[in-house]
Amino acid sequence: MYKRLKLFGRRLLGLSAQERTGSTQNVFPTQEPAKVRKGRRALPSWMRTAKGDNSQNLRQPDRNLATTDIAQLSRTGGTREVLRELGHASPNLSAAIAAHLRTAITRRYTATAKNIDGTFNREATSAINQLLARMDALPDFSEGYARPNTLRSNSESLGKELALYGSMCAELVLDDALLPSRIQPISTTSIEWRPKGDRLIPVQVVGGDEFILDEATFFYSSLDQELMEAYSSSPFESAIKPTFFTEKLMADITRVIHRALHPRVEVTLDEESIRKYAPPEALHDPDKLEEYIESVITSVENAVNNLNPEDALVHFDNIVVKMLNNGNISLSRELETLENMGDSMLSTGTKTPPTVLGHHKSSSNVSSTEALLFLKQVEGSLQFKLNEMYSRILTLAVRLVGFDCYVEFKYEPINLRPDMELEAFRAQKQSRVLELLSLGLMTDEQASLELTGDLPPEDYTPLSGTFFKSQNPSDENPYNGEENNGSTLNQDLEPDTPTGVRGGNRKRNPQKE
């Protein structure tokens with residue numbers, strides 16, 4: 001501890017007195033600029049070989065879900081591949097992933113640049129918002145078609161990677177002038193880790209070729225990373241077995257419905273009559289007789305199976321037809337118990353309450369609690385990680401532009417209320433922000449970002465620290481003092497009707513006096 005303090009003191013001695021004591025100067029030495037190279041270092045995840053074949057179109061994959069038994073996906077490969085396929089094939093797992101993405105990626109976001117001491121930097125904030133606007137609305141058209149690479153599209157891809165594989169990674173692509181051009185998401189399934197001294201370096205493996213991504217422009221983030229392992233694990237891994245259990249249960253229920261619940265036709269043939277009307281050549285030949293009987297059974301079976309519900313069955317008296325059902329046997333209780341077991345395990349494995357998955361079987365109070373817990377889960381596991389990833393990427397971007405600061409990226413907080421209902425809460429937030437602005441505890445730029453999401457215009461009159469909200473109480477209430485001409489609650493309700501004797505012709509009555 002003493003050696004560490006001594007080293008820190010030597011660093012402080014290397015700074016000037018103003019840098020050591022000034023409130024707006026850095027206490028720590030300025031960080032060296034990152035060593036970056038132009039262009040991209042990683043390949044897009046849709047490429048299967050390092051040398052792309054430009055002569056052929058990419059083949060569109062087809063999972064054939066209409067005819068594929070989802071329960072058989074357990075034999076397709078490893079955990080990551082199974083999760084990827086179930087994310088498309090399983091209704092419950094795909095609903096859980098979609099709910100996490102749609103809830104975490106809100107409509108608005110703010111990107112604020114701050115100096116190292118935490119103070120607001122207007123120029124850097126303006127630069128980073130211009131960069132985000134160019135990424136969203138002005139892609140590079142110099143090479144022709146520009147594939148959509150907006151921030152929301154990147155968030156959807158990165159969020160799905162985080163849900164399926166427990167990690168996400170991206171690269172900040174630079175142009176020829178070493179300025180930020182775009183953010184390129186990369187699938188973590190192609191990333192392998194290689195030890196290099198006391199740290200790990202990422203290596204992208206594409207078609208057997210390796211690309212070392214030990215670059216400052218490569219960013220990686222994992223969720224609930226285990227310290228004993230270099231690779232991440234999906235938070236939905238615990239939902240694999242419940243998903244297969246549910247799919248197998250649904251397949252069994254389908255077979256039970258066709259076999260035990262739906263009525264079936266039972267046909268009984270009179271064997272003596274069939275033998276009596278057999279052809280003469282078959283009467284004394286057992287093989288031909290057996291062949292004849294099988295042909296009669298097949299013809300009757302085809303006729304019965306091809307009947308429509310409205311068709312009538314006409315037959316001789318040597319054929320007996322009756323409806324076959326399961327009688328008074330009911331499997332509803334058993335099937336409901338098994339279904340509830342599967343739904344509970346799925347909710348636990350996907351970290352998604354039954355209310356969100358559509359398995360609502362509780363009261364409104366319980367559903368409200370489940371919704372609130374789900375918001376906390378999505379906020380902590382997905383939205384905060386996206387904010388962290390973009391904050392790191394945009395910090396490097398703004399430092400490459402020339403600002404010695406960092407960026408705080410934040411998505412709008414999650415809220416399930418409709419916009420019309422949120423107006424009252426926004427008015428309350430506006431009052432609080434304006435109060436902080438009036439006291440000088442917030443800059444004009446920060447207040448504008450909080451209220452509108454944009455920086456104030458150039459002709460804006462600064463209001464920070466002017467105490468414009470601290471007014472005289474008598475000015476706020478015009479009905480204080482002697483004036484009393486406002487609403488009914490602020491008026492003197494005592495009437496001015498005369499209480500004395502009305503009129504002068506009233507006769508005096510001595511008896512009453």
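# Close-up views of a predicted model

**View 1. Strand β2 is mostly covered.** In strand β2 (residues 167-174), 8 of its 8 residues are buried. Buried means under 20% relative accessible area, exposed means over 50%, and partly exposed lies in between (1.4 Å probe, protein chains only). Strands (E, at least two residues) and helices (H or I, at least four) are DSSP runs, numbered from the N terminus. The model is predicted: local features need pLDDT of at least 70 and side-chain atom pairs count only at pLDDT 80 or more, while totals for chains, interfaces and linings use all residues. Residues are numbered from 1 along each chain as its sequence is written, and side-chain values use heavy atoms, with hydrogens and water left out. In a regular strand the side chains alternate between the two faces of the sheet. Both faces of β2 are covered. On one side, S167, C169, E171 and V173 are buried. On the other, M168, A170, L172 and L174 are buried.

**View 2. β2 pairs with β7 and with β3.** Two strands pair if DSSP finds at least two bridges between them. β2 and β7 run antiparallel, joined by 5 bridges. Here S167 stands opposite S222 of β7. β2 and strand β3 (residues 180-186) also run antiparallel, with 6 bridges between them. In this pair, C169 stands opposite I186 of β3. The hairpin of β2 and β3 has 5 residues between the strands. Within the hairpin, L178 takes a positive phi near 60°.

**View 3. The largest nonpolar core has 54 residues.** A nonpolar core is a set of buried Ala, Val, Leu, Ile, Met, Phe, Trp, Tyr and Cys residues joined through side-chain atoms within 4.5 Å. L86, I128, L172 and I183 have the most contacts inside this core. Helix α13 (residues 364-401) gives the most to it, with 12 residues. Apart from this core lies another, of 8 residues. Its members include C169, I186, I191 and F218. Which residues does I128 touch, not counting those up to four places away in sequence? They are A111, L394, A397, V398 and V407. Contact here means heavy atoms within 4.5 Å.

**View 4. N387 is a buried residue of helix α13.** N387 counts as buried because its relative accessibility is 8%. A polar atom of its side chain lies 3.1 Å from the backbone nitrogen of Y411. A polar contact is a pair of N or O atoms within 3.5 Å; within protein, one must be able to donate a hydrogen and the other to accept it, and residues adjacent in sequence count only if both atoms are side-chain atoms. Leaving aside neighbours within four places in sequence, N387 is in contact with F409, K410 and Y411.

**View 5. E379 also lies in helix α13.** Is E379 buried or partly exposed? At 22% relative accessibility, E379 counts as partly exposed. E379 is in contact with F384 and I414, leaving aside its neighbours within four places in sequence. T103 is 276 residues from E379 in sequence. In space the two are 8.5 Å apart, C-alpha to C-alpha.

**View 6. Two loop residues have positive phi.** Most residues other than glycine have a negative phi. K351 has a positive phi, near 55°. K351 sits in the loop between α11 (332-349) and α12 (354-357). With a relative accessible area of 32%, K351 is partly exposed. F467 also has a positive phi near 55°. The place of F467 is the loop between α15 (444-451) and α16 (473-476). F467 counts as partly exposed, at 46% relative accessibility.

**View 7. Confidence varies along the model.** pLDDT is the predictor's confidence in each residue, from 0 to 100. The protein averages 79, and 82% of the residues score at least 70. Among the elements, strand β7 (residues 218-222) has the highest mean pLDDT, 94. Helix α2 (residues 17-21) has the lowest, 37. Over residues 1-23, pLDDT stays under 50. For residues 1-23 the model has 14 contacts beyond four places in sequence. Where pLDDT is low, the predicted coordinates should not be read in detail.
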